[in-house]
Amino acid sequence: APPPVDQACGGRLEIRAPLQGQPAASTLEVLSVTPHAQWGHLSWVRMSPLTGRTHQLRLHAAGLGCPIVGDDLYWGHAAAARRSRGGAEALPSVRASGGLFLQSCGVAF
């Protein structure tokens with residue numbers, strides 16, 4: 001299993017996890033980690049899809065147990081991933097329809 005995102009700080013993590021039976025790969029780089037009252041901490045990350053599957057970045061982040069803030073669609077998936085790792089802190093509840101904290105910084109083909 002990949003390390004928790006906060007343990008990967010400063011490093012680059014390659015995620016290879018199939019989505020809907022198709023190969024899927026992404027990279028994740030932790031840029032900074034900030035303490036937060038509700039969430040414990042928030043990580044500012046750079047994620048890049050190496051393949052192009054629907055919701056790939058959201059699913060790969062959730063699969064690490066570290067969902068994108070506000071991702072009410074895959075929050076349950078992330079909570080299950082954390083439970084399966086054992087010892088990981090439970091996720092706080094997500095406010096449905098509060099908005100997804102995801103921003104593109106560039107698109108290239």
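Ala, Val, Leu, Ile, Met, Phe, Trp, Tyr, Cys and Pro are counted here as nonpolar, Asp, Glu, Lys and Arg as charged, and the others, Gly among them, as polar. By these classes, the lining of the largest pocket in this predicted model holds 25 nonpolar, twelve polar and seven charged residues.

**The largest pocket**

The space in the largest pocket amounts to about 1300 Å³. Its lining comprises 44 residues, and those closest to the pocket centre are Ser 43, Val 45, Pro 67, Ile 68 and Phe 101. Four elements each give two or more residues to this lining: strand 2 (25–36), strand 3 (40–49), helix 1 (56–63) and helix 2 (75–85). Strand 3 gives the most, with ten residues.

**The second largest pocket**

The second largest pocket has a volume of about 200 Å³. It is lined by Gln 38, Trp 39, Leu 42, Val 69, Gly 70, Ser 93, Val 94, Arg 95, Gly 98, Gly 99 and Phe 101. Five of these lining residues are nonpolar, five are polar and one is charged. Phe 101 is also named among the residues closest to the centre of the largest pocket.

The table sets out the volume and the lining classes of each pocket.

| Pocket | Volume | Nonpolar | Polar | Charged |
|---|---|---|---|---|
| Largest pocket | about 1300 Å³ | 25 residues | twelve residues | seven residues |
| Second largest pocket | about 200 Å³ | five residues | five residues | one residue |

**Two buried residues**

Thr 27 belongs to strand 2, one of the elements that contribute to the lining of the largest pocket. Thr 27 counts as buried because its relative accessibility is 5%, where the cut-off for buried is under 20%. Beyond its neighbours within four places in sequence, Thr 27 is in contact with Arg 12, Leu 13, Glu 14, Arg 46, Met 47, Ser 48 and Leu 50. Between Thr 27 and Val 45 the C-alpha to C-alpha distance is 10.0 Å, with the two residues 18 apart in sequence. Val 45 is one of the residues closest to the centre of the largest pocket.

Asp 71 lies in the loop between helix 1 and helix 2. Its relative accessible area is 0%, and Asp 71 is therefore buried. The side chain of Asp 71 makes a polar contact of 2.6 Å with the side chain of Arg 58. With neighbours within four places in sequence left aside, Asp 71 is in contact with Arg 58, Val 94 and Leu 100. Of these contacts, Val 94 is also listed in the lining of the second largest pocket.

Note on methods
Residues are numbered from 1 along each chain as its sequence is written. This is a predicted model: local features need pLDDT of at least 70, side-chain atom pairs count only at pLDDT 80 or more; totals for chains, interfaces and linings use all residues. Side-chain values use heavy atoms; hydrogens and water are left out. On a 1 Å grid over the protein atoms alone, a cavity is a set of points where a 1.4 Å probe fits but cannot get out, and a pocket is an open set with protein on both sides within 12 Å along at least five of seven lines; lining residues have an atom within 4 Å of a point. Grid points are joined across faces, edges and corners, and a volume is the space filled by probe spheres set on the points. Buried means under 20% relative accessible area, exposed over 50%, partly exposed in between (1.4 Å probe, protein chains only). Contact means heavy atoms within 4.5 Å. A polar contact is a pair of N or O atoms within 3.5 Å; within protein, one must be able to donate a hydrogen and the other to accept it, and residues adjacent in sequence count only if both atoms are side-chain atoms.
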